[in-house]
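Let's take a walk through this fold, going from helix pairs to sheets and then to a few individual residues. Have the viewer open as you read.

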Amino acid sequence: MTPAVGADLLSVRNISMRFGGIVALDDVSFDMAPGHIVGLIGPNGAGKTTLFNCVSRLYTPNSGDLVFEGQSIIKNTPHHVAALGIGRTFQNLALFPTMTVLQNVMVGVHARTRGDFLSNALRLPSVKREERMMREAAMEVISFLELDSFAGHPAAGLPFGTLKRVELARALAGSPKLLLVDEPAGGLNHEEVAALGDILRSIRDRRGVTVLLVEHHMSLVMQVSDRVVVLDFGRRIAEGPPTAVQRDPEVIRAYLGSES
């Protein structure tokens, strides 16, 4: 897929984040073009998840700005950024175990709904229409990720790889323009990782969703990413196409401790 032409979808501008005396992010900047998969990599403790939490507005950085579709979102709440079109998955599964796969995915559609407490309490016709829309939207994403056979099954008891896809479906159900995917390959076997690569490319190519991917599985990152950003001790040390990043002396040093 040829990336869309125009302004960057997301600009991370000089973001710094400190926890007491610990510098988690140190003046980090990079841009994301629409229609790209950008891999965000780095050794443990490099600041990757902290940056995710800043973009999704779980954390407020000490300085810098986050610009989404030309507008600063630094003062937005997590709910507001979800409504703007930023979705995310979590490194640790955050599903509701007693709810079915369909119900879990429908939770993700709530960012697109407009119902209020009174309307829901009175069961107005608009609420019924909205619930029907939510079910249809959730089932469309479930079918896209080939989870149809699990739609009525509680999340509890499903294989781990399937649960990873359910969480991805829930994030996609909100129709995000930007999807933050945190360690999706963790705990997956070789075949599941290969399938995940196909899924991520399909999300970009068929659904037009831009993806920011945090992942330790280097083979996956290098295969699916259009660009790669590398963090080390909270600083950006490299950025560029995967082949260039793999050869960068600073990246080799960060991972291996030497250039050899």
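**Helices first, then sheets**

Start with helix α6 (residues 160-172) and helix α7 (residues 190-207): their axes come within 12 Å and cross at roughly 15°. Keep in mind that this is a predicted model. With angles under 35 degrees counting as roughly parallel, α6 and α7 are therefore roughly parallel to each other. The crossing of α6 past α7 is right-handed. Which residues in α6 and α7 meet? On the α6 side they are Gly161, Arg165, Leu168 and Leu172, and on the α7 side Glu192, Ile199, Ile203 and Arg207. Sorted by class, that contact has four nonpolar, one polar and three charged residues. If the spacing of those numbers catches your eye, recall that an α-helix has 3.6 residues a turn, so residues three or four places apart point the same way.

Now look at α6 again, this time with another partner. The axis of helix α3 (residues 101-109) comes within 6 Å of the axis of α6, and the two cross at roughly 35°. Here too the crossing is described as right-handed, with α3 passing α6. From α3, the residues Val101, Asn104, Val105, Val107 and Gly108 meet Val166, Ala169 and Arg170 in α6. By class, this contact has five nonpolar, two polar and one charged residues.

Is α3 largely enclosed or largely open? Seven of its nine residues are buried, so α3 is largely enclosed by the rest of the structure. Those buried residues are Val101, Leu102, Asn104, Val105, Met106, Gly108 and Val109. Several names come back from the α6 contact, including Val101 and Asn104, which are buried and also meet α6.

Next, the sheets. As a reminder, strands of a sheet pair through backbone hydrogen bonds, either parallel or antiparallel. One open sheet has six strands in the order β6-β7-β8-β3-β9-β10, and its pairing is mixed. At its edges sit β6 (86-88) and β10 (235-240), each pairing on one side only. From one strand to the next, the twist averages 20°. To see one of the antiparallel pairs, go to strand β9 (residues 227-232), which is joined to β10 by five bridges. Within that pair, valine 229 stands opposite glutamate 239 in β10.

This is also where α7 returns. That helix packs on the six-stranded sheet, touching β3 (37-41), β7 (178-182) and β8 (210-214). The direction of α7 makes about 135° with that of β3. So far, then, α7 has turned up in contact with α6 and with this sheet.

The other open sheet to visit is built from four strands in the order β2-β1-β4-β5, with antiparallel pairing. Its edge strands are β2 (22-32) and β5 (71-72), and each of them pairs on one side only. Strand β1 (residues 10-19) pairs with β2 over seven bridges, in the antiparallel sense. Look for valine 12, which stands opposite phenylalanine 30 in β2. Helix α1 (residues 48-55) lies across β1, β2 and β4 (63-68), running at about 115° to β1.

A few residues around this four-stranded sheet deserve a closer look. If you plot backbone torsions, where does asparagine 14 lie? Asparagine 14 is in strand β1, and its phi is near 55°, a positive value in a residue other than glycine. At 39% relative accessibility, asparagine 14 counts as partly exposed. Glutamate 69 has a positive phi as well, near 50°, and is placed in the loop between β4 and β5. Glutamate 69 is partly exposed, with a relative accessible area of 42%.

Finish on phenylalanine 68, found in strand β4. Is phenylalanine 68 buried or exposed? At 3% relative accessibility, phenylalanine 68 counts as buried. Leaving aside residues up to four places away in sequence, phenylalanine 68 touches Leu9, Ile73, Leu84, Gly85, Ile86, Lys177 and Leu178. Along the chain, phenylalanine 68 and aspartate 8 are 60 residues apart, yet their C-alpha atoms are separated by 8.1 Å.

Definitions and conventions. Residues numbered from 1 in each chain as written. Predicted model: local features only at pLDDT ≥ 70, side-chain atom pairs only at ≥ 80, totals over all residues. Heavy atoms only, no water. Axes fitted to C-alpha atoms, helices over the stretch in contact; angles between N-to-C directions. Parallel < 35°, antiparallel > 145°, perpendicular 65-115°, else oblique. Left-handed = near helix turned anticlockwise from the far one by under 90°. Contact = heavy atoms within 4.5 Å. Nonpolar A, V, L, I, M, F, W, Y, C, P; charged D, E, K, R; others polar. Pairing = 2+ DSSP bridges. Buried < 20%, exposed > 50% of the residue type's maximum accessible area, 1.4 Å probe, protein only.
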